[in-house]
Structure formats: C-alpha cells, structure tokens
Amino acid sequence: MVVEEKPARLAVGVVGAGRVGATLTAALALAGHRPAAASGVSDASRRRAEVLLPGVPLVEPAAVLENADLVLLTVPDDALPDLVSGLAETGAVRPGQLLVHTSGRYGTAVLDPALRAGALPLALHPVMTFTGSRVDVQRLNGCTFGVTAPGELRMAAEALVIEMGGEPEWIEESARPLYHAGLAIGANHMVTLVAQSMDLLRAAGVQEPGRMLGPLLGAALDNALRSGDAALTGPVARGDAGTVSAHLEELRRHAPETVASYVAMARATADRALANGMLKAEYAEALLGALADEGTR
C-alpha cells in the first residue's frame, strides 16, 4: 500500500478521551480532519470530550474503530498492550486503518497484533504536559513529538505531527524507553521538586512561594538548557558541607519526607560538579561525608 506524504482528510476516532487524546483529536480537527467517535470511561473524560470535541458521539472502543480511518489510542502505558490485543482479537481492527498510540515508552512493536490484522502502526508521543483544556491545543504549536513508525509510514507520521502544529523527532524503536526516561526525569521529577520547595518556603513563612520561585526557577531552567552542567550553582557545587549539613538538620526537623530526595539530588549534583571540575576535590570529601552520614541514619 502506498501512503501519501500528506494524509487525506480522515475520520478520526480516539480510544481514551483523556487530556492527551481529546487535545490531539481537536488539533486534527483544526487541520481539517473529522472527529468521528470517542470512548471515555470516567466522568472527567466525558466532560472533556464535551468541551474539546462537541457533538462527537461517545461509544465503546470497538465502535470507535468501526467509524474511524485514523484511531488514537491514548490510554495509560500499562493498559496499551492489552487494549491492542483485545481489539485485534475481536476483529475490530480494519486493514489499512491508521492506528496511533501516544505512549512515550513504546514504539510500534506494541501494535504488532493490530499490524497482523492489517493496521498501519504509528507511535506519536507529544513532548508536552496537558491540562485537559483548550489551551493545550495552542501549546502543540512548536511541540516536539517523538515519532516511531515503519519506514514506509514515516512521511505520513511526520505529516500528521506537522498538521497538529508539532515538530517530529525520529526515535528508534529500541531507544523509546531511554527517551521516555529522560523526559520523565526532566518534567515529572521537576514538578515534585518544585512542590517540595514551595512547601518548605511556606513552612519558613513565605506568603507567596510561587512568586518568589518563578524568576529563580525560570532563570535556572534557561541557564541549564543553554549551558548544561556549567549552570550549576549553590552549596553542593561550591562544596559548602556546613551549609548542606544545616539544610539536612532543618529538613529532618520540619520535613523529614524530603530528606531522601535532597540527599539523592545532592549526591547526583556533586558527581556532576566533580566530573566537570566545578567542585574542587579538597571540598568534595567533607561534602560527600555529610551526605554519607545522612544515609546511615
């Protein structure tokens, strides 16, 4: 089968009308494709579909596939293999149907049961965090998508991403888990770190920790993206073991649940600062000793 570089106008279905699925379907609608059907179990999914996909019928997953040329499978990673197998086993998959999942973890191998049924497999992972509101569609403009697809479908996959306003980045099948781990460390863990920082500042009496942190974290992120390890600052990079020990003492007293993450990140920061020559060896021993002592408590 020959696939055109620019996909024809397609009837789009989405299985799992969550934050990602509803947003991508709405973006495809803006590009001229026709949302045909959606499935969603939770009340939140149904409300989201009403806002982002007005008039689109909510049906069972098999009925979504029956009515769509392009099907988005936007379910949690752990649910994806069983969903694909189940749809293939029940005969819901049609030959020539574009089947797209948005998992960062998986490439196209997870779609093999559908491939055997004649589907055309694509993995299109948007590198973006979603709120489930209309603003998400705008955020897709310039958003990178991690793309994995068979060679003959590569142009079609990249064209779909461009139509949604994104920029395709080719990720090899074998590299998908590593690629996804890199994103999770950067985005998911950052949220936890920022939330912990805000909690500590509130405990210290800061009335609006978000306003205090905004300029600092914005500058730190910009510097890190521009300069990598050269952007490291603070007591760990300087080797201020006394300051680090004081931090740990206060954390044990006021927020013991944050001690483990502080120690883990401080050790990782020290390793990087040592490797690039920022942390001098004569200061590193006392610093690492303070962190090691914490690990024995």
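**Exercise 1. Is the crossing of helix 11 and helix 12 right-handed or left-handed?**

Before starting, some ground rules. This is a predicted model, where local features need pLDDT of at least 70, side-chain atom pairs count only at pLDDT 80 or more, and totals for chains, interfaces and linings use all residues. Residues are numbered from 1 along each chain as its sequence is written, and side-chain values use heavy atoms, with hydrogens and water left out.

*Step 1.* Find the two helices: helix 11 covers residues 241–254 and helix 12 covers residues 259–275. Helices (H or I, at least four residues) and strands (E, at least two) are DSSP runs, numbered from the N terminus.

*Step 2.* Look at the axes, which come within 10 Å and cross at roughly 160°. Axes are lines fitted to C-alpha atoms, for helices over the stretch in contact, and angles run from 0 to 180 degrees between N-to-C directions. That angle makes helix 11 roughly antiparallel to helix 12. (Angles under 35 degrees count as roughly parallel, over 145 as roughly antiparallel, 65 to 115 as roughly perpendicular and the rest as oblique.)

*Step 3.* Now the handedness: the crossing of helix 11 and helix 12 is right-handed. (A crossing is left-handed if the near helix is turned anticlockwise from the far one by less than a right angle, and right-handed if clockwise.)

*Step 4.* Who does the touching? Helix 11 brings Val-244, His-247, Leu-248, Leu-251 and Arg-252, while helix 12 brings Val-259, Tyr-262 and Val-263. Contact means heavy atoms within 4.5 Å. Sorted by class, these are six nonpolar, one polar and one charged residues. (Ala, Val, Leu, Ile, Met, Phe, Trp, Tyr, Cys and Pro count as nonpolar, Asp, Glu, Lys and Arg as charged, and the others, Gly among them, as polar.)

**Exercise 2. Work out whether Thr-269, Trp-170 and Glu-60 are buried, partly exposed or exposed.**

*Step 1.* Get the cut-offs: buried means under 20% relative accessible area, exposed over 50%, partly exposed in between (1.4 Å probe, protein chains only).

*Step 2.* Thr-269 lies in helix 12. Its relative accessible area is 19%, so Thr-269 is buried. Apart from neighbours within four places in sequence, Thr-269 is in contact with Leu-232 and Val-236.

*Step 3.* Trp-170 sits in strand 7. Trp-170 comes out as partly exposed because its relative accessibility is 23%. Skipping neighbours within four places in sequence, its contacts are Val-147, Thr-148, Ala-149, Arg-154 and Glu-158. Take Thr-148: it is 22 residues from Trp-170 in sequence, yet their C-alpha atoms are 6.2 Å apart.

*Step 4.* Glu-60 belongs to the loop between helix 2 (43–52) and helix 3 (61–66). With 61% relative accessibility, Glu-60 is exposed. Its C-alpha is 8.4 Å from that of Val-15, 45 residues away along the chain.

**Exercise 3. Trace the sheet from strand to strand, and say which strands are at its edges.**

*Step 1.* Write down the order: seven strands form an open sheet, 2-1-3-4-5-6-7, with mixed pairing. (Two strands pair if DSSP finds at least two bridges between them.) At the edges are strand 2 (34–39) and strand 7 (167–170), each pairing on one side only. From one strand to the next, the twist averages 25°.

*Step 2.* Follow some pairs. Strand 1 and strand 2 are parallel, over five bridges, and Val-15 has Ser-39 of strand 2 as its bridge partner. Strand 3 and strand 4 also run parallel, joined by four bridges, with Val-71 partnered by Leu-99 in strand 4. Four bridges link strand 4 (residues 98–101) to strand 5 (residues 120–126), again parallel, and Leu-98 stands opposite Leu-120 in strand 5.

*Step 3.* Check what covers the strands. Strand 1 (residues 11–15) has five of five residues buried, so it is largely enclosed by the rest of the structure. In strand 4, Leu-98 and Val-100 on one side and Leu-99 and His-101 on the other are all buried.

*Step 4.* Add the helices. Helix 7 (residues 154–163) lies across strand 3 (70–73), strand 5, strand 6 (144–148) and strand 7, at about 145° to strand 7. Helix 8 (residues 176–203) packs on the sheet too, touching strand 4, strand 5 and strand 6, and its direction makes about 20° with that of strand 5.
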